[in-house]
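Student: Could you help me understand how terms are applied to a protein structure, step by step?
Tutor: Gladly; let us look at the structure first and then reason from the definitions.

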Amino acid sequence: MKPKVLIVDDDEAIRTQMKWALSQDYEIHFAEDRRGALEAFRANQPAATLLDLGLPPRPNQCDEGLAGLSDLLAEDSTAKVIVISGQSEKQNAIEAVGAGAYDFLCKPVEMKELRLLLRRCIQVVELEKEYRELQQSQRHDVFENMLGTSPQMQAAFALIRKVAGTDAPVLLLGESGTGKEMAAAAIHRRSARKNGPFVAINCNAIPENLLESELFGHEKGAFTGAHIQRKGLMETASGGTLFLDEIGELPPAIQVKLLRFLQEHRLQRVGGRQEIQIDTRLVAATNADLKQMIEAGKFREDLYFRLAVVTLRLLPLRERGEDVVLLAREFLQIYAAQSGRTKLVLTPDALRAITRYSWPGNVRELQNRVKRAVIMASGSRVTAKDLELQQSQDVDSSATTLREAREHVEREMIEQALKRNSGKITSAAADLGISRPTLYELMGKLGITNERLNANSN
């Protein structure tokens, strides 16, 4: 198969010129703006991306192009993005390389120089892939980028291997930060669909009035602003896998359309009359109790049974034994290498704090804390204080059960995060490494309100 190259440029003439120059050696994909670039990147996973800095709606400035670079690197930190700029933008291109771009070219692009740079870039991609595969083949605790030696995780890995060989829908359950998207990606990579797209969407992150169009697409003129026909993510994922995170947040009307798709593998775009046959596998995930939502009339029971042909529950980090230390050391090695501080080690008090803490944000919170600790550590030793876990070791002496002790620690960490972020829920959730709905749920369970925080601070 030819390596995939994504070209992001709003100039049709330049896109055509590059296609003719490169299509003999590469499979070419296009995008015209920042949003389209991210969608095409997710759908095609290109080996290299050519990114023009001047993108709509401000093609004479660099901010959209630089934001697009940030989007792509946030999606995949190993992405190879070659920035293309005019001479007047050269300083911005150099800064983009400092921010993670692979290289840059100045306009007008010399095709001979572009071919040479792409060839070198693809070689680097192949070498990095071989190195990762070699590393993983020599480690018995790594499975499809997931780490765990506990019996619970080994059982989860075994189920993923088994279900990957089928096209059955899978429902992933577990708290925020337990690795549900990674499990979905593992199912995809282990399946016969591995060469097709893996498309992920968080149902809670898209406004309800846009979600139907995002999932099912729309026809030209279907609503105000629908100037062109647009494929939805379900159609984009045809031949591959669509991952629907936070499935419990789907509005009732979209639940009906999704149920019909699961029954017939057909869909209609918004504003369309023709049914389209789609070959997309569905993997869904939630941290909500869907059975409780069914009883409350918020989720369709027939949709639940269609989604939950196979159910996999990913356990919270506090129930995975020594995996927490294994993961902490792995994250430390990764972030220390990125920062050029390869001699960093976790101190005994840090290891004790890591094993005692309840990790309400699970693996995502652990990852965030270790990353921050690598920055904060003053010497070669990462302490509990660097991890901001020192205070949380002091469990309320009046707690008589493990549950009470855990709730005390969770309450303390949440209140600290809210104070650090001036009561802003979104910022505090990001600080803790959990989703905003999860933080709201924990605050309700623990009786935490911003009013109470303000009263305590006075």
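Tutor: A salt bridge is a side-chain nitrogen of Lys or Arg within 4 Å of a carboxyl oxygen of Asp or Glu. Please keep in mind that this model is predicted.

Student: What makes Arg15 and Glu32 a salt bridge?
Tutor: The closest N and O atoms of Arg15 and Glu32 are 3.6 Å apart, and because the limit is 4 Å, the pair qualifies as a salt bridge. Arg15 lies in helix 1 and Glu32 in the loop between strand 2 and helix 2, so the pair ties together parts that are 17 residues apart in sequence.

Student: Why is Arg15 called buried, and which term describes Glu32?
Tutor: Arg15 has a relative accessible area of 10%, and since buried means under 20%, the word applies to Arg15. Glu32 has 46% relative accessibility, which falls between 20% and 50%, so Glu32 counts as partly exposed.

Student: How do you know that Glu212 and Lys257 meet in a salt bridge?
Tutor: Their N to O distance is 3.2 Å, and this is within 4 Å, so the side chains of Glu212 and Lys257 satisfy the rule. Glu212 lies in helix 8 and Lys257 in helix 10, so the pair ties together parts that are 45 residues apart in sequence.

Student: How many salt bridges does the rule give?
Tutor: The count comes to 25 salt bridges, and Arg34, Arg58, Asp63, Glu64 and Asp71 are linked in a network of them.

Conventions:
Residues numbered from 1 in each chain as written. Predicted model: local features only at pLDDT ≥ 70, side-chain atom pairs only at ≥ 80, totals over all residues. Heavy atoms only, no water. Helix = DSSP H or I, 4+ residues; strand = E, 2+ residues; numbered from the N terminus. Buried < 20%, exposed > 50% of the residue type's maximum accessible area, 1.4 Å probe, protein only.
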